[in-house]
Amino acid sequence: MELSRIKALIVGHAVGDALGVPVEFVLREELAKNPVREMRGFGSHNVPPGTWSDDTSMTLCLLESLSRLKAIDYLDIMKNFVRWIKNAEFTATGVVFDVGIATHKSVEHFLRGTPPLSCGGTGEYDNGNGSLMRISPLAIYCCEKKLSVSDALSEAHKISSLTHAHPRSQIACGIYTLIAVNLFEGLSLPVAIKKGLSDAQTFYQNEDQYIGEFSHYERLRDFDKFAGLAEDDIKSSGYVVDTLEASLWCLANTKNYRDAVLTAVNLGDDTDTIGATVGGLAGLAYGLENIPSEWKSALLKCGYIEKLCRNF
């Protein structure tokens, strides 16, 4: 696999994350008055321009484990999460901030001896976007190993379960992974999204554990209709369904990397995660060279991120 494509996914993710960090929790109405157009600093978390958040830190935790072991090792991934939370490894500035409640609980469960795949919450209120925001490196592995759709989804579910084990969160991770794999395989963005959704629907409607939960993604069944929704019909909260919907809507309604991530960030609320999830897929779809150079230059520790990509 070409290194530039791996970088497009991971750097694209990190840039979208960093664009969103300064305006996280800011309302859409406020951003409409002063929209994000370039890389900002400080703001919501009082961090320098180009700082990425837990979204990218956890993505790098997964990327590093996959690239070092050339295999999926759930114990090793959890150990990386511990290194991040406890030692501030995999961070932009040596400071850990904005850790999700479900993620923090899962790491604490692990440290108390819970097996990795039993650490994630399984309740209705354990469906934040904390596993979706870090799943993208799995697509690289799926392509390298030429995993089938069912095997790719199975791994997405397990990696989600490290922190978010509810089927609804697993489904979001599965859909995102399939779309990313389709982009790696050279499909255009619209085709990659529609094929990913179709393959996911075929799988989940035949699995008792997931058939009821897939109804929460009902709006994505007719993707052309969904893509035509007005911005007011799109929510940008930290709820995993909202995040996946918002991400795919942004991608469907823009034609380049810059517009995709700026549309995502200016939706407001959970701006770093939606910026990151859009940024990864937009990076893959449009290429590393189409991520604005000034944003890549502003990204803190971009060389470190690219080194982890090379290790794959």
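Start by selecting Lys-194, which is partly exposed with a relative accessible area of 36%. You are looking at a predicted model, so keep that in mind as we go.

Now add Asp-224: its side chain meets that of Lys-194 in a salt bridge, at 2.8 Å from N to O. The two sit in distant parts of the chain, with Lys-194 in helix H9 (residues 189–204) and Asp-224 in helix H11 (residues 223–227), 30 residues apart. Asp-224 is exposed, its relative accessible area being 52%.

Next, pick Glu-294 and Arg-258. Their closest N and O atoms are 2.7 Å apart, in another salt bridge. Here helix H15 (residues 293–298) supplies Glu-294 and helix H13 (residues 257–265) supplies Arg-258, 36 residues apart. Show Glu-38 too: salt bridges with shared partners join Glu-38, Arg-258 and Glu-294 into one network.

Move on to Glu-124 and Arg-168, whose side chains form a salt bridge of 2.9 Å, N to O. Glu-124 is in the loop between helix H5 (101–111) and helix H6 (137–145), while Arg-168 belongs to helix H8 (residues 167–184), so this pair ties together parts 44 residues apart in sequence. Try colouring by accessibility: Arg-168 counts as buried at 2%, whereas Glu-124, at 45%, counts as partly exposed. The total count is 13 salt bridges.

Last stop: the cavity. The structure has 1 cavity of 30 Å³ or more, with about 50 Å³ of space in it. Select its lining, including Trp-52, Asp-54, Trp-84 and Phe-97. By class, the lining has 6 nonpolar, 3 polar and 1 charged residues.

How values were computed. Residues are numbered from 1 along each chain as its sequence is written. This is a predicted model: local features need pLDDT of at least 70, side-chain atom pairs count only at pLDDT 80 or more; totals for chains, interfaces and linings use all residues. Side-chain values use heavy atoms; hydrogens and water are left out. On a 1 Å grid over the protein atoms alone, a cavity is a set of points where a 1.4 Å probe fits but cannot get out, and a pocket is an open set with protein on both sides within 12 Å along at least five of seven lines; lining residues have an atom within 4 Å of a point. Grid points are joined across faces, edges and corners, and a volume is the space filled by probe spheres set on the points. Ala, Val, Leu, Ile, Met, Phe, Trp, Tyr, Cys and Pro count as nonpolar, Asp, Glu, Lys and Arg as charged, and the others, Gly among them, as polar. A salt bridge is a side-chain nitrogen of Lys or Arg within 4 Å of a carboxyl oxygen of Asp or Glu. Helices (H or I, at least four residues) and strands (E, at least two) are DSSP runs, numbered from the N terminus. Buried means under 20% relative accessible area, exposed over 50%, partly exposed in between (1.4 Å probe, protein chains only).
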